[in-house]
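User: I'd like a close look at one part of this protein, and then how that part fits into the rest. Keep it informal, please.

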Amino acid sequence: MSFAVMEVLKDFPDQECRIILLGKSGAGKSKSANSILSTDLFDVSSEHDSRPRIKCARSSLSVYEKSLLVVDTPGFAESQDGRQSVVQVIKDAIVATCPGPHAVVLVTRCDVTITSAETDIVSQLRSVLGEELRRHLVLLLTHGDMEQRDVRQLLDASPAHVKELLKDINERYVVFNNEGSREEQERQVQQLLRLVHQMVLESPRQVFSCPLLRECEKDITYMRNRLRMLEPRIETCRDDVRRLSQDEGVAPEKLGHVLALTAQAIEDLKELAAVDEKLTARVGRENLTSCSVS
């Protein structure tokens, strides 16, 4: 990642900038994710691949004590069943960015017409996740090996559903040429991060939130508080066990006390495990893969 991009991230108003990329297969989501993080960790599939990816992928990096997290989602399907499954995967991806993404980026090619199916997916997501989603939506146009004025002309000549989408998201769009030079890609990433930064400052909420995320946050807070209370009790049990293991004439009441504390700690751990299992099911970790950036 270039120094200029790191400087933009350094000034981001939150400790972590979280971005979700969504769009049709072949739109260039994974290539864009790689461009944003200056890596090649995201698997770039051919747009003609007959085996669609069904898992989300996420990766992050940290600079200047700030983090940048990118989640890449499976491509949109054209069938109604496919759309419903994509909505579920995107819900999982959003929860995986808990306490929520700063930007949900719709990736599409600027050299082909944005279809009504793509804008319909956005409408469907808004109906499921709420109207607040539009305040965090950004349009990312790939295959942008043309002048900005030419892209603007293409958008101005676009069908009504595209113009309506642009109006609805306050004309927030960026152009990526993922095959361009390193310097060009760095400028593109700078533009995207500045756009997200400005969007966060203008939004009533810095991050996108919905009932699903708020419930998830509540459970996480509960788990953290219980763990904070449980840790010293477990340590006490350990100390007592060490002491009693060296005392051949241990009194029965002391042994009973240690056993009672240990049993209660085990029950509390089981309760926390149940909460964790619920969170796991909600986030859908089986539908999420991770890769790391050093």
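How many of the residues of α2 are buried?

Analyst: Some ground rules before the answer. This is a predicted model, in which local features need pLDDT of at least 70 and side-chain atom pairs count only at pLDDT 80 or more, while totals for chains, interfaces and linings use all residues. Residues are numbered from 1 along each chain as its sequence is written, and side-chain values use heavy atoms, with hydrogens and water left out.

Now to α2. This helix is mostly covered, with 8 of its 9 residues buried. Buried here means under 20% relative accessible area, exposed means over 50%, and partly exposed is in between (1.4 Å probe, protein chains only). Helices (H or I, at least four residues) and strands (E, at least two) are DSSP runs, numbered from the N terminus. The buried residues of α2 are Lys29, Ser30, Ser32, Ala33, Asn34, Ser35, Ile36 and Leu37. What covers them includes β1, β2, β3, β4, β5 and α7, where contact means heavy atoms within 4.5 Å.

Right after α2 comes serine 38, with a positive phi near 55 degrees. Most residues other than glycine have a negative phi. Serine 38 also has a distant partner in sequence: its C-alpha atom is 8.5 Å from that of glutamate 186, though 148 residues separate the two along the chain. Glutamate 186 sits in helix α7 and counts as buried because its relative accessibility is 18%.

The helix also feeds into the largest nonpolar core, which has 32 residues. A nonpolar core is a set of buried Ala, Val, Leu, Ile, Met, Phe, Trp, Tyr and Cys residues joined through side-chain atoms within 4.5 Å. Ile19, Leu68 and Leu192 have the most contacts inside this core. At least two residues each come from α1 (3-10), β1 (16-23), α2 (29-37), β2 (56-63), β3 (66-72), β4 (103-109), β5 (137-142) and α7 (182-202). The largest share, 7 residues, is supplied by α7. Apart from this core lies another one of 30 residues, including Ile94, Leu139, Leu141 and Leu155.

Helix α7 has another residue to look at, histidine 197. Histidine 197 is buried because its relative accessibility is 18%. Leaving aside neighbours within four places in sequence, histidine 197 is in contact with Asp11, Phe12 and Pro13.

Next, one of the strands covering α2, namely β4. In β4, 7 of 7 residues are buried. In a regular strand the side chains alternate between the two faces of the sheet. Both faces of β4 are covered, with Ala103, Val105, Val107 and Arg109 buried on one side and Val104, Leu106 and Thr108 buried on the other.

β4 has parallel partners. Strands β1 and β4 run parallel and are joined by 5 bridges; two strands count as paired if DSSP finds at least two bridges between them. Isoleucine 19 stands opposite alanine 103 of β4. β4 also pairs with β5 in the parallel sense, over 6 bridges, and here threonine 108 has leucine 141 of β5 as its bridge partner.

Threonine 108 is worth a pause. This β4 residue is buried because its relative accessible area is 3%. Not counting residues up to four places away in sequence, threonine 108 touches Ala27, Ile114, Glu118, Leu139, Leu140, Leu141 and Thr142.

For contrast, try the loop between α6 (160-168) and β6 (173-175), where asparagine 170 lies. Asparagine 170 has a positive phi, near 60 degrees, and is exposed because its relative accessible area is 54%. Glutamate 171 lies in that loop between α6 and β6 too. Its phi is also positive, near 60 degrees, and glutamate 171 counts as partly exposed because its relative accessibility is 38%.

A word on cysteines. A search of the whole structure finds 0 disulfides, a disulfide being a pair of cysteine sulfur atoms within 2.5 Å. Cysteine 17 is buried because its relative accessibility is 1%, and cysteine 110 is buried because its value is 9%.

Zooming out, the protein chain has 9 helices and 7 strands. Of its 294 residues, 45% count as buried. Among contacts between residues at least 6 apart in sequence, 77% join residues at least 24 apart.
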